[in-house]
Every structure is written in structure tokens, then in C-alpha cells.
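The following exercises concern a single protein model. Please work through each task before reading its solution.

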Amino acid sequence: MWLSGFRSALKNTDISNTTASWYLIRFDSKIPKYFYTDYTFDEFASANAHYVELEQEYKDIAHQHVALVSADSFEGLQLAYPSFFNNSEVFFEVVDEILEKVIAAQK
């Protein structure tokens, strides 16, 4: 499912050298791969405008996920969203099982 793909994509991408305050992340769960643009603290207006643009562009594409998140550094992102960066295999397996059941029930 897309959560395990997201975790895998994050593990295989190194953005640890950035000093941005804002991260605009687009995750393509079909590949799975994610893309990001980082912005300084003062570039919030640009980051938000780009976020709105991407949300509009991908709003009808289920495998595209867009988020604008804030952190003092990439390390701060890791602290704020530890489940994406730590070994959370059990968490992702449980969520995947729940999603599969929900999808199966809707068919």
C-alpha cells in the first residue's frame, strides 16, 4: 500500500543537507517516489502558493499526495514525523491491513 511505499521512498532519499523551514512534498504512491521543494522561513508565501497549485493539479489523481510541512531543519522533520523515518514496519503492516479491509468492503 502507499504508506509502506512512502516510508521506502523517504529512506531512499537524502535531503539531510537542507536548511529550509518549509518542505513542499509530493508523493507518487504509484512509483513509489517522492519529490520535494524546500523553502526558507521567509518564503512561506511562495511555498503556500506552490502548494495550492499542486493541490489543484493533483486533486483528482488518487496516487498523488501533496503536503506542506514546517520544520527548522530536515532533522526537525524527522523529530516531528518519526513514524516516517524510523523502523515502523508493524505500524505500516497494520495500517495496510485496515486499508485493504476497507477497500474490500467497498467493492
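**Exercise 1.** How many aromatic pairs does a search of the whole structure find? Describe the geometry and location of what is found.

*Solution.* The model is a predicted one, in which local features need pLDDT of at least 70 and side-chain atom pairs count only at pLDDT 80 or more, while totals for chains, interfaces and linings use all residues. Residues are numbered from 1 along each chain as its sequence is written, and side-chain values use heavy atoms, with hydrogens and water left out.

Step 1. The search of the whole structure yields one aromatic pair. Rings of Phe, Tyr and Trp (its six-membered ring) pair if their centres lie within 6.5 Å; planes under 30 degrees apart count as stacked, over 60 as edge-to-face and the rest as tilted.

Step 2. The ring centres of W22 and F44 are 4.7 Å apart and the planes stand at 50°, so this pair is tilted.

Step 3. Because W22 belongs to strand β1 (residues 22-28) and F44 to helix α2, the pair ties together parts 22 residues apart in sequence. Helices (H or I, at least four residues) and strands (E, at least two) are DSSP runs, numbered from the N terminus.

Step 4. Buried means under 20% relative accessible area, exposed over 50%, and partly exposed in between (1.4 Å probe, protein chains only). W22 counts as buried at 16% relative accessibility, whereas F44, at 37%, counts as partly exposed.

**Exercise 2.** Which residues of α2 are buried, and what covers them?

*Solution.* Step 1. Helix α2 has 15 residues and reaches 21 Å from its first C-alpha to its last, close to the 21 Å expected at 1.5 Å a residue. The expected span is 1.5 Å times one less than the number of residues.

Step 2. The buried residues of α2 are A47, L54 and Y58. They cover an arc of only 30° around the axis, which puts them on the same side of α2; the arc is that of the directions from the helix axis to the C-beta atoms.

Step 3. Exposed residues A45 and E53 are carried on the face of α2 turned away from its buried side.

Step 4. The cover over the buried residues includes β1, β2 (33-39) and β3 (64-70).

**Exercise 3.** With which strands does β1 pair, and in which sense? Place L24 within this arrangement.

*Solution.* Step 1. Strands pair if DSSP finds at least two bridges between them. Seven bridges link β1 with β2 in the antiparallel sense, and a hairpin of four residues joins these two strands. Strand β3 also runs antiparallel to β1, again over seven bridges.

Step 2. Two bridge partners locate the register: L24 faces T37 in β2, and R26 stands opposite V66 in β3.

Step 3. Seven of the seven residues of β1 are buried. W22, L24, R26 and D28 point one way from the strand, and Y23, I25 and F27 the other way.

Step 4. L24 is buried, with a relative accessible area of 2%. Leaving aside neighbours within four places in sequence, its contacts (heavy atoms within 4.5 Å) include A47, H50, Y51 and L54. The C-alpha atoms of L24 and N48 are separated by 8.5 Å.

**Exercise 4.** Where is confidence lowest, and where is it highest?

*Solution.* Step 1. pLDDT is the predictor's confidence in each residue, from 0 to 100. The protein averages 75, and 64% of the residues score at least 70.

Step 2. Confidence is lowest in helix α1 (residues 2-11), at a mean of 53, and highest in helix α2 (residues 44-58), at 96.

Step 3. Where pLDDT is low, the predicted coordinates should not be read in detail.
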